[in-house]
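Here are a few worked exercises to try with the model open beside you. Have a go at each task before you read on.

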Amino acid sequence: MQIARLDDLAVHYRIDGDPDGAPVVFANSLGTDLRLWDQVIPLLPEGLKFIRYDKRGHGLTDCPPAPYAMGALVTDAERLMDHLGVTGAVFVGLSIGGLIAQGLAAKRLDLVRAMVLSNTGAKIGTRDIWAERIDAVNAGGTAAVVDATMQRWFAKPFHDTPDFHAWRTMFLRCPAEGWTGCGAAIAGSDFMTTTAALRLPTLGIAGSEDGSTPPDLVRETVDLVPGSEFHLIRGAGHLPCVEKPEEYAQVLGDFLSRHAGTA
Ligand SMILES: O=C(O)CCC(=O)CC(=O)O
């Protein structure tokens, strides 16, 4: 197991692929851990170094008291990359991970040579929506929102698969403090202005059935960056890397082949 001790926070991370390869960093969504990428990473091009981590309050990373600021989540990614001596990575962020990608690119462009904004937006939801969900999780844990979340996350046919149960279980095991902490960070984030000022290769990936960050939101967000690319995965929801890993890996792999560079 790989743990980075970053001052006040112990961060669980994992490295796969070529240890000497060009770096690709993955940031997960709310209520998931680094297993989010299990099915995709083995299908990506060889010769790259794949780094993934559990954000604060999730997986095996420390869970400080809520709420968290988006600035803290961005700083965690920055400190982890500095700790590992990684610069010039392709940063792949899904949902809240995509907010982290945008914040990190605005703050430390030396760390991010290209970004993949998957199922995310420059701004996700409203303060009222997040306040309502945070109140519910404070009262009843993630169980209080699990059914509505699964409806937004997964296309209907996926609900009948054995994997659906496993992802639901992962969500239920997310500590309320970690979920509400990160929920508060999403509520307070608006990267419209800073993302529109970014100039770096950018790929947007959306799922046609995504009830959390619909395709229009992803497209509007990546359109803020001139020259960006966009791919819609049909029949998938909020986690297309889980529902359609082959298509996801094909699109991501093509982008990495063009933009990951060399170590
Ligand atoms: O639970 C939801 O539907 C919202 C998810 C979201 O926007 C944040 C995330 O998945 O990281």
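**Exercise 1. Polar contacts to the ligand**

How far is an oxygen atom of the ligand from an N or O atom in the side chain of S95?

Solution. Before starting, note that this is a predicted model: local features need pLDDT of at least 70, side-chain atom pairs count only at pLDDT 80 or more, and totals for chains, interfaces and linings use all residues. Residues are numbered from 1 along each chain as its sequence is written, and side-chain values use heavy atoms, with hydrogens and water left out.

Step one: the S95 side chain puts an N or O atom 2.9 Å from a ligand oxygen. A polar contact is a pair of N or O atoms within 3.5 Å, so that pair counts.

Step two: try the other side chains. For S212 the distance to a ligand oxygen is 2.5 Å, and for H238 it is 2.7 Å. The protein covers 100% of the 310 Å² of accessible area that the ligand has on its own (Shrake-Rupley method, 1.4 Å probe).

**Exercise 2. The shell**

Which helix supplies the largest share of the shell around the ligand?

Solution. Start with the head count: 13 residues surround the ligand (a heavy atom within 4 Å), and the closest are L30, S95, R152, S212 and H238.

Next, sort by helix (DSSP runs of H or I, at least four residues, numbered from the N terminus). Both α3 (127-140) and α4 (146-153) supply at least two shell residues each, but α4 takes the largest share with three.

Finally, sort by class: six are nonpolar, five polar and two charged, with Gly counted as polar.

**Exercise 3. A tryptophan in α4**

Is W153 buried or exposed?

Solution. First, place W153: it sits in helix α4. Then check its relative accessible area, which is 5%. Buried means under 20% and exposed over 50%, with partly exposed in between, so W153 is buried.

As a last step, look across to S212: its C-alpha atom is 6.6 Å from that of W153, though the two are 59 residues apart along the chain.

**Exercise 4. Helix α6**

Why can α6 be called largely enclosed by the rest of the structure?

Solution. Check the geometry first. At 1.5 Å a residue, the 12 residues of α6 (residues 176-187) should span 16 Å, and the end C-alpha atoms are 16 Å apart, which agrees. The expected span uses one less than the number of residues.

Now the burial: nine of the 12 residues are buried, so α6 is largely enclosed. Among them are W179, C182 and I186.

Conventions: A polar contact is a pair of N or O atoms within 3.5 Å; within protein, one must be able to donate a hydrogen and the other to accept it, and residues adjacent in sequence count only if both atoms are side-chain atoms. Buried means under 20% relative accessible area, exposed over 50%, partly exposed in between (1.4 Å probe, protein chains only).
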